[in-house]
Amino acid sequence: MTASTADDSDFPEPPVPFAAPGLPYPRILVKVSGEALMGSEPFGLHPPTVARIARDLVAARALGCEVAVVVGGGNILRGARVAGEDLDRATADHMGMLATVMNGLALEAAIEAAGAPARTLSAIPMPTVCEPYARQPANRHLRRGRIVVLTGGTGNPYFTTDTGAVLRAAELDCDAVLKATNVDGVYTADPKKDPTATRYDRITHDEALARDLKVMDAAAFALAREASLPIIVFDIREPGAIATAAKGEGRVTVVAP
């Protein structure tokens with residue numbers, strides 16, 4: 001029996017609702033890039049890294065958070081990069097969406113191996129592989145304490161998975177978007193290229209847009225501003241980083257109104 005078809009009785013369900021009181025962000029959406037799943041590999045998945053991220057998601061759930069995850073596909077294929085003269089952008093983007101489903105299935109299996117129930121939902125219906133995304137079933141899974149892995153982007157070309165993450169967070173009434181990156185927050189410039197770059201502790205959506213900060217695309221920031229959703233940017237490479245950010249702690253940048 002695969003993770004996607006596991007019977008609900010495989011994991012005992014907590015009382016509804018699952019989220020514990022007193023948390024700063026009772027329901028979170030974590031954005032994990034495909035590149036974060038590569039670890040030390042030049043392409044594809046690094047199983048120990050996938051397992052580590054899965055354990056961190058399970059640790060956030062153990063705090064009492066309801067946890068959704070949007071996963072990217074850049075470790076396998078990024079549509080904007082492969083689009084060209086012989087491959088139109090819409091087709092390339094759909095190929096990238098399929099890559100996110102592969103990553104989601106791997107992450108779902110790792111989460112369940114770490115001891116928590118999970119469900120993969122895809123914006124591109126493929127019912128023999130995973131559940132199609134719909135708001136009501138996703139909400140039901142979250143309330144019952146399942147970690148919901150959201151794949152397929154928005155289901156439409158020309159939108160990044162960052163924008164998809166903010167869209168799903170708004171749809172599912174999440175309290176924050178946790179943006180996992182390879183740096184410990186938002187900087188005035190790329191700290192890998194500019195040693196004088198300084199980190200923001202807090203910045204508004206408007207400031208992020210006006211300064212053209214590249215941690216997320218402009219559409220994602222604009223949608224987060226419209227929905228009054230805070231975005232918490234943190235370094236996924238730090239052990240326990242997701243659970244720490246979910247508690248409102250750690251070295252992060254908060255992008256909020």
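Modeller: Two strands pair if DSSP finds at least two bridges between them. This is a predicted model, where local features need pLDDT of at least 70, side-chain atom pairs count only at pLDDT 80 or more, and totals for chains, interfaces and linings use all residues. Residues are numbered from 1 along each chain as its sequence is written, and side-chain values use heavy atoms, leaving out hydrogens and water.

Colleague: Okay, which residue of S4 is the bridge partner of Leu 121?

Modeller: Strand S3 (residues 118-122; strands are DSSP E runs of at least two residues, helices H or I runs of at least four, numbered from the N terminus) pairs in the parallel sense with S4, residues 131-132, over two bridges. On the S4 side, Leu 121 is matched with Glu 131.

Colleague: And which residue in S5 stands opposite Ala 118?

Modeller: S5 covers residues 147-151 and pairs with S3 in the parallel sense, over five bridges. Opposite Ala 118 you'll find Ile 147.

Colleague: Is S3 buried or exposed?

Modeller: Ala 118, Thr 120 and Ser 122 point one way from S3, with Arg 119 and Leu 121 pointing the other way. Five of its five residues come out under 20% relative accessible area (1.4 Å probe, protein chains only), so S3 is largely enclosed by the rest of the structure: buried.

Colleague: How do H5 and H7 run, roughly parallel or roughly antiparallel?

Modeller: The axes of H5 (residues 161-171) and H7 (residues 218-227) come within 8 Å and cross at roughly 15 degrees. Angles under 35 degrees count as roughly parallel and over 145 as roughly antiparallel, so H5 and H7 are roughly parallel.

Terms used. Axes are lines fitted to C-alpha atoms, for helices over the stretch in contact, and angles run from 0 to 180 degrees between N-to-C directions. Angles under 35 degrees count as roughly parallel, over 145 as roughly antiparallel, 65 to 115 as roughly perpendicular and the rest as oblique. Buried means under 20% relative accessible area, exposed over 50%, partly exposed in between (1.4 Å probe, protein chains only).
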